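User: I'd like a close look at one small part of this model, followed outwards from there. Please keep it relaxed, and explain any technical word the first time it turns up.

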Amino acid sequence: MTKAARKTVKLPKGYVPTEDEKFMNPKQREYFRQKLLAWKADIVEETRNTVEYLKGENVSHPDPADTATANADRQLELSTKDRLRKLSSQIDKALARIEAGTYGYCEETGDPIRLKRLDARPIAKLSIEAQEMHERSDSLKAG
C-alpha cells in the first residue's frame with residue numbers, strides 16, 4: 001500500500017484495538033502508526049536533549065575524580081544516544097511494514113502477533129512463541 005493509496009483513517013477518541021475486530025483493519029493500522037510516530041517524536045526530542053547536554057558538558061575538571069565522573073556520564077549519554085538511534089531505525093522499519101501491509105504478522109510464522117504484545121512493543125516482529133523459541137535457541141548456543 002503506497003502513501004498515496006492509503007486513505008486517511010480518523011480514530012475515535014480513546015480508541016484501542018480489540019480482539020473482536022478484524023486483525024490489522026485500517027483503524028488498527030492507523031492506531032499503531034500514530035503510536036509509532038509519537039514514540040519516534042519522543043526519541044527525537046530525547047536525542048536533541050542528549051546532544052545539548054553533551055555540547056554543554058565540560059569534561060576537563062581540576063579534580064581527576066570529577067573528570068572521571070564526567071567522562072563516565074558522557075559515555076552513558078553516548079550509549080543512550082546509540083540505543084535511541086537503533087530504536088528509531090526499528091520504528092522506521094515498523095512504519096514501513098504498516099505501509100507494506102505486513103505489520104502485525106510474525107516474520108517467522110506469518111501468524112498474527114497478539115494485539116497486547118503490539119501495544120506493549122509496537123516494533124515487535126515476532127509472536128511471543130517465535131520470540132521464546134529464538135531466546136531458547138540463543139541460550140542453548142551460549143551454554
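Analyst: Start at Leu126, which counts as buried because its relative accessibility is 12%. (Buried means under 20% relative accessible area, exposed over 50%, and partly exposed in between, using a 1.4 Å probe and protein chains only.) Before going on, keep in mind that this is a predicted model, where local features need pLDDT of at least 70, side-chain atom pairs need 80 or more, and totals for chains, interfaces and linings use all residues. Numbering starts from 1 along each chain as its sequence is written, and side-chain values use heavy atoms, with hydrogens and water left out.

So where does Leu126 sit? You'll find Leu126 in the loop that links helix H3 (115-120) to helix H4 (128-142). (A helix is a DSSP run of H or I with at least four residues, a strand is a run of E with at least two, and both are numbered from the N terminus.) Now for company. Skip the residues up to four places away in sequence, and Leu126 still touches Cys106, Glu107, Glu108, Ile113, Arg117, Gln131 and His134. (Touching, or contact, means heavy atoms within 4.5 Å.) Two of these partners, Gln131 and His134, fall in H4, while Arg117 falls in H3. That gives our loop residue contacts with the helices at both ends of its loop. There's also a C-alpha distance to check: Leu126 and Asp111 are 15 residues apart along the chain, and their C-alpha atoms are separated by 9.0 Å.

Now zoom out a little. The chain has four helices and zero strands, so to speak a plain α-α-α-α order from the N terminus on. Of its 143 residues, 28% are buried, and Leu126 is one of the buried ones. Among contacts with a separation of 6 or more, 52% join residues 24 or more positions apart.

Next comes the largest nonpolar core, with 24 residues. (Such a core is a set of buried Ala, Val, Leu, Ile, Met, Phe, Trp, Tyr and Cys residues joined through side-chain atoms within 4.5 Å.) Inside this core, the residues with the most contacts are Met24, Phe32, Leu36, Ile91, Tyr103 and Leu118. Helix H1 (26-56), helix H2 (64-100) and H3 each put in at least two residues, and H2 gives the largest share, six residues. Tyr103 is a handy one to click on. Beyond its neighbours within four places in sequence, Tyr103 contacts Met24, Phe32, Leu36, Ala94, Arg97, Ile98, Leu118 and Pro122.

Follow Tyr103 to Met24 and you reach the segment before H1. Met24 counts as buried because its relative accessible area is 5%. Its backbone is worth a look too: Met24 isn't a glycine, yet it has a positive phi of about 55°. For background, most residues other than glycine have a negative phi. Met24 also pairs up with Thr102 in a distance check: they are 78 residues apart along the chain, with 9.2 Å between their C-alpha atoms. Thr102 lies in the loop between H2 and H3. Unlike buried Met24, Thr102 is partly exposed, because its relative accessible area is 40%.

Let's finish in H1 with two glutamines. Gln28 is found in this helix, and it is buried because its relative accessible area is 0%. Leaving out residues up to four places away in sequence, Gln28 touches Tyr15, Pro17, Thr18, Glu21, Lys22, Phe23 and Leu115. One of those partners, Leu115, belongs to H3, the helix just before the loop where we met Leu126. The C-alpha atoms of Gln28 and Val9 are separated by 9.7 Å, with their positions 19 residues apart along the chain.

Gln34 lies in H1 as well, but Gln34 is partly exposed because its relative accessible area is 38%. Gln34 has a distance check of its own: its C-alpha atom is separated by 9.9 Å from that of Leu11, 23 residues apart along the chain. So H1 holds both a buried Gln28 and a partly exposed Gln34.
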